[in-house]
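Thanks for coming, everyone. I'll take a few minutes to walk through one structure. Please have a look at it first.

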Amino acid sequence: MKRIVTAFGQKTYISATGGTTTYQHELGIADVLGQAKSLRVHVIGSRQSTAYARATLRFYESSKPGDARPQQWGVQIGTGTGITTLRPAPFTIVGPFMARVECVLEIDDSVGQDDPQEFDLEVHITAIMEE
């Protein structure tokens, strides 16, 4: 069985001037993603402000329940995946996972300039459940 989850809806995500801006999805999504055997991540971009705009997706897992975010209380799964093109190839995050998995989106400038960057994108995750 598979379940499609929209972690980040289509909109323009903007970095801070000279830094990185972090976006978090609705916390309830972490409970759904944590039940999966593996996750297939699909990023669909429609616009970048410059060729230096970068989106990075990081995944964290935790077993702490309630309103505790896995990013805060858990551990990172692998390394972050940097996105610098509008249509990157989908990628897989392999489980098994603890009970909760959070996807965190970061927007920054890949060359470290002071200009804020914009990345218009959406992130959909196919949660592949036990069969």
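**Strands, core and salt bridges**

Let's begin with one strand pair: S2 and S7 run antiparallel, and four bridges join them. One of the residues involved is Thr22, whose bridge partner in S7 is Glu106. Before I go further, please keep in mind that this is a predicted model.

Now the sheet around that pair. Which strands form it, and in what order? Four strands make an open sheet, and the order is S2-S7-S4-S5. The pairing is antiparallel. At the edges sit S2, residues 21–24, and S5. Each of these edge strands pairs on one side only. On average, neighbouring strands here are turned by 20 degrees against each other, with direction ignored. As a reminder, strands of a sheet pair through backbone hydrogen bonds, either parallel or antiparallel.

Next, the core. The largest nonpolar core has 31 residues. Which of them touch the most other members? They are Leu39, Val41, Leu57, Phe59, Leu105, Val123 and Ile125. Several elements give two or more residues to this core. Among them are strand S1 (2–14), helix H1 (28–34), strand S6 (91–94) and strand S7 (100–109). S3, S4 and S5 are on that list too. Which element gives the most? That is S8, with five residues.

Take Leu39 as an example. Leaving aside neighbours within four places in sequence, Leu39 is in contact with Leu33, Phe59, Phe91, Thr92 and Ile93, among others. The list also includes Phe97, Val101, Ile125, Thr126 and Ala127.

On to charge. Side chains of opposite charge can pair when their charged atoms come close. How many salt bridges does this model have? The count comes to five. I'll show three.

One is Asp31 with Arg100, where the closest N and O atoms are 2.7 Å apart. This pair links distant parts of the chain: Asp31 is in helix H1, Arg100 is in strand S7, and they are 69 residues apart. Are the two partners buried or exposed? Arg100 has a relative accessible area of 4%, so Arg100 counts as buried. Asp31 has a relative accessible area of 36%, so Asp31 is partly exposed.

Another is Arg54 with Asp108, at 2.8 Å from N to O. Again, distant parts of the chain are linked. Arg54 belongs to strand S4 and Asp108 to strand S7, 54 residues apart. Arg54 is partly exposed, because its relative accessible area is 25%. Asp108 comes in at 12% relative accessibility, so Asp108 counts as buried.

Then there is Glu102 with Arg69, at 2.5 Å from N to O. Glu102 lies in strand S7, while Arg69 is in the loop between S4 and helix H2 (70–73), so this pair ties together parts that are 33 residues apart in sequence. What about burial here? Glu102 is buried, with a relative accessible area of 0%. Arg69 is buried as well, at 17%.

Now two polar residues at strand ends. Ser62 lies in strand S4, residues 53–62. Its relative accessible area is 4%, so Ser62 is buried. Where does its side chain reach? The side chain of Ser62 goes to the backbone nitrogen of Lys64, at 3.0 Å. Setting aside neighbours within four places in sequence, Ser62 is in contact with Pro70, Trp73, Gly74, Met98, Ala99 and Arg100. We met Arg100 a moment ago, in the salt bridge with Asp31.

The other is Gln48, in strand S3, residues 38–48. The side chain of Gln48 reaches the backbone oxygen of Ala53 at 3.1 Å. Not counting residues up to four places away in sequence, Gln48 touches Ala53, Thr84, Thr85, Leu86, Glu118 and Phe119. How far apart are Gln48 and Thr85? In sequence it is 37 residues, and in space it is 8.3 Å, C-alpha to C-alpha.

Last stop, the backbone. Most peptide bonds are trans. The one from Gly95 to Pro96 is cis, with omega near 10 degrees. Where is Pro96? Pro96 sits in the loop between S6 and S7.

That's the tour. Happy to take questions.

Terms used: Residues are numbered from 1 along each chain as its sequence is written. This is a predicted model: local features need pLDDT of at least 70, side-chain atom pairs count only at pLDDT 80 or more; totals for chains, interfaces and linings use all residues. Side-chain values use heavy atoms; hydrogens and water are left out. Contact means heavy atoms within 4.5 Å. A polar contact is a pair of N or O atoms within 3.5 Å; within protein, one must be able to donate a hydrogen and the other to accept it, and residues adjacent in sequence count only if both atoms are side-chain atoms. Buried means under 20% relative accessible area, exposed over 50%, partly exposed in between (1.4 Å probe, protein chains only). A nonpolar core is a set of buried Ala, Val, Leu, Ile, Met, Phe, Trp, Tyr and Cys residues joined through side-chain atoms within 4.5 Å. Two strands pair if DSSP finds at least two bridges between them. Axes are lines fitted to C-alpha atoms, for helices over the stretch in contact, and angles run from 0 to 180 degrees between N-to-C directions. A salt bridge is a side-chain nitrogen of Lys or Arg within 4 Å of a carboxyl oxygen of Asp or Glu.
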